[in-house]
Amino acid sequence: MLVPINEKAIGPLIEKANLIDSIQRLGLYHHFEHDIGEVMQHIHSNYVENGIITLNVDVHSIALLFRLLRQPDVFKKFKNEQGNFSETLIVDVEGLLSLYEAAHLRIHGEEILDEALAFTSSTLELMTTQLSPSLAAKVNHSLKRPLCKNLSRLVAMHYISTYEEDPSHDANLLLFAKLDFNMLQDYTGKKLDIFQIEAKWFNSNYVPTVEEYMCVARVTTGYCLLATTSFIGMGSIATEKGLPMDTNNPKIVKASIIICRLMDDIVSNEFEQKRGHVVSALECYMKQHGVSRQNAINEFQRQVAVAWKDMNEELLDPTEVPKPLLKQILNLSCVMDVLYKDEDCYTHAEGTTKNLITALLLNPWKV
């Protein structure tokens, strides 16, 4: 999507800048951060000299590039001989909106941005009664909720609907934005309901059955979201048909969740109970089956072993799901095994975990 652009091709460059703006507004920036960085570096290397954007384009494009590159002096070209912003800008509503949004990034000493904000704010407020209903609504929304002072998910929620109405919108980008928004919304909604359930259990000293606990734990581990997010950037194989995380709850995902939840509970249970925490799988099993703590641990270790067998079976060739996707699930389970094998090395990371990270990232082999 963000393919390399010709060094002196102005049109494609502005198209890329507008695409990056849409990606940011749609809440998808984190998925394309590396690609966006490369495009911005290209623009800065070829079109910024001594801190000035050298492109001779309209105010919308300049304001947009300013928001992306942060070069304020570029707006001087839109002032008249008296040193005020030119009245000719009034006919360009989109340009005024872009300049208005850019001006909110001002810092101390940037008088030109102070002036730009005052000019665009008053001008846009006066114009709203003369605009079409849809454009007036867009202006009023920007005046009330400038981008840099709004929450990214609220920006995405609003922009998805307006972007969809734009005849030039990218259908694939729009679909991606909707799926991304819906996935986070679904996950957050489930997480909130689940936390309410856990709070109710904690406040009433209720010990659920293991089955009740594991149903809740499937969400509280965050595992499905983490696994799905790990597929981003894996290309065409990472589709809903490839590995439907929530709909069919694949066997390999079930096994991964069991490994994650039970290994965590075995080693972190005592510490979490001391600091005041909802019951773990251990307490649930002990009460439900009337057994000792060690017997419960033995049973969970058996279930973890079974889960690893399930995972190994799912990885046997030929696989229905593309192997790289399954390997992502395997890798996450391996992380759990490293962190929770004999102790909680996630909560208490100053020992084994710190040593492993230091060895991997800071200590090269001598050759």
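## Group meeting: salt bridges, helix crossings and a few loop details

Let me start in helix α1, residues 10-25: R25 and D21 sit 4 residues apart there, so about one helical turn separates them. Their side chains meet in a salt bridge, with N to O at 3.0 Å. Before I go on, please keep in mind that this is a predicted model.

So, is D21 buried or exposed? D21 is buried, because its relative accessible area is 7%, and the cut-off for buried is under 20%. And the pair has company: R67 joins D21 and R25 in a network of salt bridges. Over the whole structure, the search turns up 15 salt bridges.

Here's another one. E270 and R293 form a salt bridge, and their closest N and O atoms are 3.9 Å apart. This pair ties together distant parts of the chain, as E270 belongs to helix α11, residues 251-274, while R293 belongs to helix α13, residues 293-314, and the two are 23 residues apart. R293 comes out as partly exposed, at 25% relative accessibility.

Okay, on to the loop between α13 and α14, which has a few things in it. Let me take P318, which lies in that loop. The peptide bond joining D317 and P318 is cis, with omega at about -5°. So that's one to look at on the screen.

D317 also has a salt-bridge partner, and which residue is it? It's K323, with the closest N and O atoms 3.0 Å apart. As for accessibility, D317 counts as exposed at 61%, whereas K323 counts as partly exposed at 28%.

L316 is in that loop too, between α13 and α14, the latter being residues 323-340. L316 counts as exposed, because its relative accessibility is 55% and the cut-off for exposed is over 50%. If you want a sense of distance, take L316 and A102: they're 214 residues apart in sequence, and C-alpha to C-alpha they're 54 Å apart in space.

Now, helix packing. I've got two pairs for you.

The first is α2, residues 33-47, with α3, residues 59-69: they pack at an angle of about 110°, and their axes are 11 Å apart. That angle makes α2 roughly perpendicular to α3. What's the handedness of the crossing of α2 and α3? Left-handed.

The other pair is α4, residues 93-103, and α5, residues 111-127, which pack at about 135° with axes 8 Å apart. Therefore α4 and α5 are oblique to each other. Here as well we get a left-handed crossing, as α4 passes α5.

Two more stops, then I'm done.

Go to the loop between α8, residues 171-203, and α9, residues 210-220, and you'll find N205. Its phi is near 55°, so we have a positive value in a residue other than glycine. N205 counts as exposed, at 66% relative accessibility.

And last, the surface around helix α15, residues 352-361, which is where L360 has its place. Which residues make the nonpolar surface patch of about 490 Å²? They're I357, L360, L361 and L362. L360 itself is exposed, with a relative accessible area of 72%.

That's my tour. Happy to pull any of these up on the screen.

Conventions:
Residues are numbered from 1 along each chain as its sequence is written. This is a predicted model: local features need pLDDT of at least 70, side-chain atom pairs count only at pLDDT 80 or more; totals for chains, interfaces and linings use all residues. Side-chain values use heavy atoms; hydrogens and water are left out. Patches are made of residues with over 30% relative accessible area and no salt bridge: like charges are joined within 9 Å, nonpolar side chains (Val, Leu, Ile, Met, Phe, Trp, Tyr) within 5 Å. Accessible areas come from the Shrake-Rupley method with a 1.4 Å probe; for residues, only the protein chains shown count as cover. A salt bridge is a side-chain nitrogen of Lys or Arg within 4 Å of a carboxyl oxygen of Asp or Glu. Buried means under 20% relative accessible area, exposed over 50%, partly exposed in between (1.4 Å probe, protein chains only). Axes are lines fitted to C-alpha atoms, for helices over the stretch in contact, and angles run from 0 to 180 degrees between N-to-C directions. Angles under 35 degrees count as roughly parallel, over 145 as roughly antiparallel, 65 to 115 as roughly perpendicular and the rest as oblique. A crossing is left-handed if the near helix is turned anticlockwise from the far one by less than a right angle, and right-handed if clockwise.
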